[in-house]
Amino acid sequence: MEQAICEGASYGTAYDDSDQYNSCNVNVPSLSEDDTQHVDKIICMGKESGSVIEVVDNAMAVNHELPDHTGIPLDEIPYIGLRFVSLQRAQEFYANYAKKVGFVTRIRNTNFDKTRKDSKIPVNQSLHCSREGYRESRVKAATRVKRITTAGCKARMYVMLDRQKDNWMVSKLELKHTHPCSAKQAVHYTEYKELTMHAKCVIQNNDEAGIRPNKTYLALTNEVGGSSNLGYSEKDERNFITSNLRCADENADVKEMISYFMRMKDINPNFFYAVDVDEVNQFKSALWVDTRCRASYEYYGDVVSFDTTYRRNKHGLPFASFVGVNHHGKSTLLRCTLMGNEEICCFEWVFKQWLRCMGSSPQAIITGQCKSMFGAIKNVLPDTHHRWCIWYIMKKIPHKLGGYARYKEIDDRMHGTVWNASGCVMESLYGDYNFFSVGYVDLYDERRMWVPIYFQGKFWVGMRSTQRSESMHAFYGGYLHFKSGLIQFVHEYDNVLGNKEQKELEDDAADAKGVVPCSSSTTIERQFQREYTTSKFREEQQEFRKKGDCLVRGATHEGNLFYLIVKEQYILYREPRSWNNIVEFDPLTHKIRCECNMFASRGILCCHCLDVYFYYGVDRVPSCYVLPRWSKNVQRKHTFIKSSHDEKRSDESHNLFRRLCTHFFNVAQEFITCEEEAAMLNSGLDELRAKLVDYRVNLGSRSVPNTDNNMVTQSDTACVASDIQSPSKVATKGRPRLKKLGSELDTSIKRYMRRKKNNPPQENNGAINPNIVAVPALSTNESHGNGGFLSLLHSFLHS
């Protein structure tokens, strides 16, 4: 022992007596003869490895003390002669004992029956403490990173097979350890950190709902009264999410998505999906439609919005969705697709699969200003009215026309022309300013794709932009990020469908419960009150309020029709203004049509038509003006269909656990008001648990069910999708980062300043300096004024 201390002193750590150890809370044990031999052996190895300090620590830690068994039942402490029905039960028993005492077990060796060559049958096994044996470290102490945990511990348990009684018996046992054991510290050992079934279910549900892992961990901590009572850390929770709930392998991610499609097909045969692969069997695109969405397309598939500006997934695949409007005027999801790229062939594949699924094309579709999408719709959906999102186009006006000196005048007149004027005025605007030649000439040629005047008389459910698709993407944005996998994407699709279904059911229930009171005593308003949903009736009610601002000025008679001029007064920028609308009215059939075309485009009668009905004393409008699309009295088939939910995304044991917990919660909430009833419930649960333990023991060698959340589904499904490879990363679409507004102008100015600095101007009797950059000649209307980049450049060159 003195030799070890002297060796330690050479490393700058000298321990001369036991008082120094006691001051450091280290007990100096009395060493037996066998222990001294072990110490000599360790010292020899320490000399060879050059690490004697750790050797001394291990040598002084030899204690051979019996661990503390306080609070442990006697039937849970091993003894010689203890029998088990199986080897697995013996392993579980010793591991449970080790966890309560404060150490970790490991299987050292297992012997098999050599007479049976056809199969390996174990006959005995030794279970040791994980700190048994001695380890020689070949790494110097200064550079060693990993800890040396071996301490020469002799604690172990031998079990052997009793062939006569067909069970396993403890033949040898050693309960003393050479190191301290602490049950409080054992809960923090990696071997004992295990997520409970309840924790796994909570983590999975919160992850799908978009709740951050730290918030989930905080909720689980508060539930048990502190993190020390959990038995796992926040890092274990995050590892569970990464390894079990999210596919790190890209190929596995694609296979899980296809497995999801096949499971949904098994749940409901009306579920539709299609996957496109290239010639090397690499994933390109996928399209899927829920059963409820297919049924709702019959009612809401007349006008849809289609947009592809969302890419929040780790593969960079464009995500597109078909969004319609339900009878409450709210957005409803009709279909989702992930596309490999935004080329014409990819869009054509999407629309062809759409027709294959639904059987008919939509009457109208509104998209962004994408040439590939425009060509695909023209080829595959020739009978569908196509319209561009006007919001994107009007948003670009300051960037496209901001360089004009008369930009303010152009902007005011263009807005008035686009929203209120006719097609001839649009052409007059083009002739007056000729500003389309700067970059809007293509929009002028395609003016029938975005100017509202060209869509009069067509039903668009009030949509003029892809805002509804953008709002759907915003919903996904709260739960997905750029590292989200494909399987997460389809799971969030389940959540979106469930959310939309719940909202629609709540709105239907509210309409069935009561009605919104009428703002007037007219019978026409009551007619809409009885038929329309609350949201649509409020829109119609707004037109009834505006009816008071309308006045019939004059009427002309042509055949059976009357043409009336209805003057509408309104306030704009605190100034009174008026607008005249021509209304066509048939007094015999009470059919009516207004110049504003509100009913034709939105399905809502305008205030001008209502004023004419009031002028002629009509007390009931024809049924053709009360659209069944907004009616709350129509029984729609999709309301009887529940959206598909992937219940098999979790392990079957998780689903069984959820059902048992739900049943227990329903029982427990009835008996929490009385302490006696709660005590009876607790005692009953304890008795039932004891019966279940006895039942498991009587079954013999019964395998313990696996409680891991296994995302891998049925084997036949995995075989089908095993050959599909993950998609490659696609380049993002859009303007380059360095391509900003006015970059060409800035470059020209910098180039001019550099030339001017290198070649200063010289007097040449009024001759033009050849070093000044050439600037295109500006027209009279463009060369003067105080607005835009071109006027700035003009003033700069003439300064």
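Which residue forms a salt bridge with E76? In this predicted model, the partner is K100, and the closest N and O atoms of the pair are 2.3 Å apart. The contact links distant parts of the chain. E76 sits in the loop between α4 (52-60) and β1 (83-84), whereas K100 belongs to helix α5 (residues 87-101). The two residues are 24 apart in the chain. K100 is partly exposed, with a relative accessible area of 35%.

The E76 and K100 pair belongs to a wider set of charged contacts. In total, the structure holds 14 salt bridges. Side chains of opposite charge can pair when their charged atoms come close. One such pair is local. E234 forms a salt bridge with R238, with the closest N and O atoms 2.9 Å apart. Both residues lie in helix α9 (residues 234-245). They are four residues apart, about one turn of the helix. E234 counts as partly exposed at 25% relative accessibility. R238 also counts as partly exposed, at 37%.

Another pair spans a long stretch of the chain. E298 and K637 meet through their side chains in a salt bridge, at 3.0 Å from N to O. These residues are 339 apart, and their pairing links distant parts of the chain. E298 lies in helix α11 (residues 291-300). K637 lies in the loop between α24 (607-615) and α25 (652-668). E298 is exposed, with a relative accessible area of 52%. K637 is partly exposed, at 49%. Elsewhere, K536, E539 and R602 are joined into one network by salt bridges that share partners.

Strand pairing was examined next. Five strands make up an open sheet with antiparallel pairing. Their order is β1-β5-β4-β3-β2. The edges are held by β1 and β2 (105-112). Each edge strand has a single partner strand, so one side of each is left without a neighbour in the sheet. For β1, two bridges make the connection to strand β5 (residues 167-174). The two strands run antiparallel. R83 has M169 of β5 as its bridge partner.

The surface also carries a nonpolar patch. V85, V693 and V697 form this patch, and together they have about 180 Å² of accessible area. V697 is placed in helix α26 (residues 675-698). At 30% relative accessibility, V697 counts as partly exposed.

One annotated region was also considered. An unreviewed UniProt entry lists residues 579-617 as "domain: SWIM-type". In the model, this span is 36% helix and 26% strand. The C-alpha atoms at its ends lie 24 Å apart.

Cysteine contacts complete the picture. The structure holds zero disulfides. Why does C550 lack a bond to the closest cysteine sulfur? That sulfur belongs to C607 and is 3.6 Å from the sulfur of C550, which is too far for a bond. The cut-off for a disulfide is 2.5 Å between cysteine sulfur atoms. C550 counts as buried, at 9% relative accessibility. C624, by contrast, counts as partly exposed, at 37%.

Notes. Residues numbered from 1 in each chain as written. Predicted model: local features only at pLDDT ≥ 70, side-chain atom pairs only at ≥ 80, totals over all residues. Heavy atoms only, no water. Salt bridge = Lys/Arg side-chain N within 4 Å of Asp/Glu carboxyl O. Buried < 20%, exposed > 50% of the residue type's maximum accessible area, 1.4 Å probe, protein only. Patch = residues over 30% accessible without salt bridge, like charges linked within 9 Å, V, L, I, M, F, W, Y side chains within 5 Å. Areas by Shrake-Rupley, 256 points an atom, 1.4 Å probe, with all protein chains shown as cover. UniProt positions renumbered as here; feature names shortened; annotations may be inferred. Pairing = 2+ DSSP bridges.
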